Amino acid sequence: MRIVIVGGVAAGMSAAARARRLDETAEIIVLEKGSEVSFANCGLPYHVSGEISEAADLLLHSPSSLRAALDLDVRLHHEVTDIDTAARIVVVDTPDGVIELSYDALVLTPGAAALRPPLPGLDSARVRTLRTVADAVALRERVSSGARRAVVLGAGFIGIEAAEALRHAGLSVDVVELAPHALPPLERELATLVHEELQTLGIAMHAGVAAEAIEAGTDVDRVRLGDGTVIDADLVVLSVGVRPDTAFAAGAGIETARGAIVVDDRGRTSVPGIWAAGDATVSVDAITGTVRPVALAGPANRAGRLIADDIVGGDEATRRIPRTLGTAIVRVGSLTVAMTGANRRSLDEAGIAYETIHLHPNQHAGYFPGAAPIHLIAHIDPVDGTILGAQAAGVEGVDKRIDVIATAMRGGLVAPDLIDLDLSYSPPYGSAKDAVNMLGMIAENILSGRLRLWHAADATDDADVLVVDVRTPGEFVTGHLRDAVNIPHTELRDRIDEVRDAAAGRPVRVLCAAGVRSNIAHRVLVSHGFDSSSLSGGTRTLRQWFGADVDRVLVTEGVLA
């Protein structure tokens with residue numbers, strides 16, 4: 001059998017290595033149009049920053065090492081330009097001319113290329129992307145040769161990592177993002193924390209605005225934004241997204257959607273004998289059913305492995321490629337941000353009902369030095385408690401909690417099941433009631449009807465309600481909702497008549513700093529017959545929701561906070 005694999009790195013090399021382990025006799029040819037077939041593309045920003053000092057450390061394997069270890073025939077600078085699907089032949093542009101290769105099984109893992117919008121001046125020599133080792137080396141050389149000012153176009157994961165890397169290397173950095181905030185898939189309340197951390201790092205964030213032109217100059221380029229801002233730049237990093245590198249596949253009649261190759265749950269394309277995986281394919285979202293490309297290394301590696309199983313083992317031996325949850329993580333200075341599953345926007349677009357839970361537990365025991373909050377958001381089905389998605393931000397422990405929740409989602413657990421997870425505990429590492437356990441407890445209270453939530457987005461509506469703030473007077477004066485009544489939760493039972501008089505039959509919205517005390521108050525109010533609800537995540541979430549506009553809703557002793 002001859003297996004031809006188009007593209008290396010994640011999915012392609014996983015498929016090649018797995019195929020060899022399953023079949024020692026197969027001829028396996030990997031065609032890679034670039035100069036590296038196996039490198040740590042996720043590590044590229046950390047070479048730019050200098051944290052990974054040697055570019056060679058990013059290189060995982062070479063053609064010679066792959067030949068020695070796995071007997072793979074890896075050919076660099078070989079670009080597939082066409083496929084004759086009937087004859088099972090690929091046309092390849094090589095350094096020595098055009099050749100044709102026959103195949104028994106063809107695996108397409110060409111990846112994606114940096115998206116280049118129709119932006120005037122994008123051809124300036126100071127504009128770079130960050131997709132390959134050569135890109136990282138070139139950026140590092142620019143930094144080392146005296147670049148002082150950088151502009152990053154795009155605040156997605158790669159854009160933010162590039163901005164942090166350049167700032168770490170000592171450059172002045174501006175980030176430009178058309179979406180309302182950095183990391184667009186992130187919920188707005190957590191994005192506030194990212195913007196605050198970027199400000200702490202000294203990175204200027206320009207959100208909700210696009211670059212209109214890059215004006216090349218002799219000594220410096222000027223990036224002109226839609227709001228009239230002009231930024232000088234010695235270096236411009238283009239990171240506005242990627243496009244699947246699939247023109248040759250579409251031209252061969254292979255079905256595509258949104259420019260990406262359509263595959264089934266075995267990685268099979270619309271053409272017999274051809275499989276595909278990685279950034280060049282569309283995935284079906286595990287929660288919403290949306291069909292879209294998912295440019296993540298983990299799913300690509302795993303899909304490549306399963307494709308090899310299907311090619312060599314056939315139907316009976318093949319596990320299916322699961323729908324992706326899109327679990328992802330990024331570092332922003334001292335902050336870690338992670339997510340899994342659907343966010344609020346994707347649920348709304350899919351018409352899926354959900355309840356959102358906010359909590360702010362510490363990453364480990366509060367009495368142990370260094371305790372800091374994990375800001376955790378989860379969306380659950382309001383009827384059966386299915387976990388639809390979760391996001392978190394914090395200085396420590398974020399990765400563990402999101403990974404646990406992602407595992408629970410893959411295993412089919414519902415939110416209340418999180419209560420019973422037997423997670424490791426010691427004061428330096430967690431709490432006896434871990435953040436994930438607490439999420440399950442809150443979810444159970446909601447589903448059982450013992451807790452009803454209201455949300456920060458409701459703070460500006462004109463509903464005729466009584467707001468009861470159960471924080472201490474000292475907390476209350478630091479910023480409270482207009483017309484809120486301050487009754488500390490420890491005094492509420494003795495002042496219940498005061499609440500009854502003030503409410504005058506209206507619903508009561510209760511709040512505290514993070515949602516713990518307001519839950520206690522909510523139970524007291526319900527027991528006395530009030531129509532009560534508790535603010536999800538408390539004023540901490542409210543401040544994050546409104547961000548720089550928080551003074552629209554909070555007042556300090558009659559003065560906007």
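In this predicted model, helix H6, spanning residues 188–201, and helix H15, spanning residues 538–546, pack with their axes 7 Å apart and at an angle of about 75°. Since angles from 65 to 115 degrees count as roughly perpendicular, H6 and H15 are therefore roughly perpendicular to each other. On the H6 side the contact is formed by Arg188, Glu189, Thr192 and Leu193, and these meet Thr541, Gln544, Trp545 and Phe546 of H15. Sorted by class, the residues of this contact are 3 nonpolar, 3 polar and 2 charged.

A second helix pair can be described in the same terms. The axes of H10 (398–410) and H11 (435–448) come within 9 Å and cross at roughly 50°, and that angle makes H10 oblique to H11. The residues in contact are Arg401, Val404 and Ile405 from H10, together with Ala435, Val436 and Leu439 from H11. Here the classes are 5 nonpolar, no polar and 1 charged. The loop between H10 and H11 holds Pro416, which touches Gly385, Gly440, Ala443, Glu444 and Leu447 when residues up to four places away in sequence are left out of the count. Pro416 and Val330 lie 86 residues apart along the chain, and their C-alpha atoms are separated by 28 Å.

Helix H8 and helix H4 can each be followed from length to burial to the residue just beyond the end. For H8, residues 297–313, a rise of 1.5 Å a residue means that its 17 residues should span 24 Å, and the 24 Å found between its end C-alpha atoms agrees with this. The buried residues of H8 are Ala300, Ala303, Gly304, Leu306, Ile307, Ala308, Asp309, Asp310 and Ile311, and they pack against strand S1 (2–6), helix H1 (11–22), strand S9 (105–108) and strand S22 (274–276). Just after H8 comes Gly314, which takes a positive phi of about 80°.

Helix H4, residues 133–144, has 12 residues and reaches 16 Å from its first C-alpha to its last, close to the 16 Å expected at 1.5 Å a residue. Within H4, the residues Val133, Asp135, Ala136, Ala138, Leu139 and Val143 are buried. Their cover includes strand S3 (38–39), helix H2 (44–48), strand S4 (59–61), strand S11 (127–128), helix H5 (157–168) and strand S18 (235–238). Just after H4, Gly146 has a positive phi of about 115°.

Glycine is not involved in two further cases of positive phi. Most residues other than glycine have a negative phi, which is the background against which the next two residues can be read. Val9, which is not a glycine, has a positive phi of about 60°, and its place is in the loop between S1 and H1. With a relative accessibility of 21%, Val9 counts as partly exposed, because buried means under 20%. Ala504, also not a glycine, has a positive phi of about 50° and lies in the loop between helix H13 (496–503) and strand S34 (508–511). The relative accessible area of Ala504 is 61%, and this residue is therefore exposed.

Two buried residues, one in a loop and one in a strand, complete the path through the model. His364 is found in the loop between strand S27 (355–359) and strand S28 (374–380), and at 3% relative accessibility His364 counts as buried. The side chain of His364 makes a polar contact of 3.4 Å with the side chain of Gln363, and the His364 side chain also reaches the backbone oxygen of Pro369 at 3.5 Å. Not counting residues up to four places away in sequence, His364 touches Pro369, Gly370, Ala371, Glu396, Pro427, Pro428, Tyr429, Gly430 and Ser431.

Ile203 lies in strand S14, residues 203–207, and at 4% relative accessibility Ile203 counts as buried. With residues up to four places away in sequence again set aside, Ile203 touches Ala163, Glu164, Arg167, Val173, Val175 and Leu198. Ile203 and Ala297 are 94 residues apart in sequence and 27 Å apart in space, taken from C-alpha to C-alpha.

Conventions: Residues numbered from 1 in each chain as written. Predicted model: local features only at pLDDT ≥ 70, side-chain atom pairs only at ≥ 80, totals over all residues. Heavy atoms only, no water. Axes fitted to C-alpha atoms, helices over the stretch in contact; angles between N-to-C directions. Helix = DSSP H or I, 4+ residues; strand = E, 2+ residues; numbered from the N terminus. Parallel < 35°, antiparallel > 145°, perpendicular 65-115°, else oblique. Contact = heavy atoms within 4.5 Å. Nonpolar A, V, L, I, M, F, W, Y, C, P; charged D, E, K, R; others polar. Buried < 20%, exposed > 50% of the residue type's maximum accessible area, 1.4 Å probe, protein only. Polar contact = N/O pair within 3.5 Å; in protein donor to acceptor, adjacent residues only side chain to side chain. Expected span 1.5 Å × (residues − 1).
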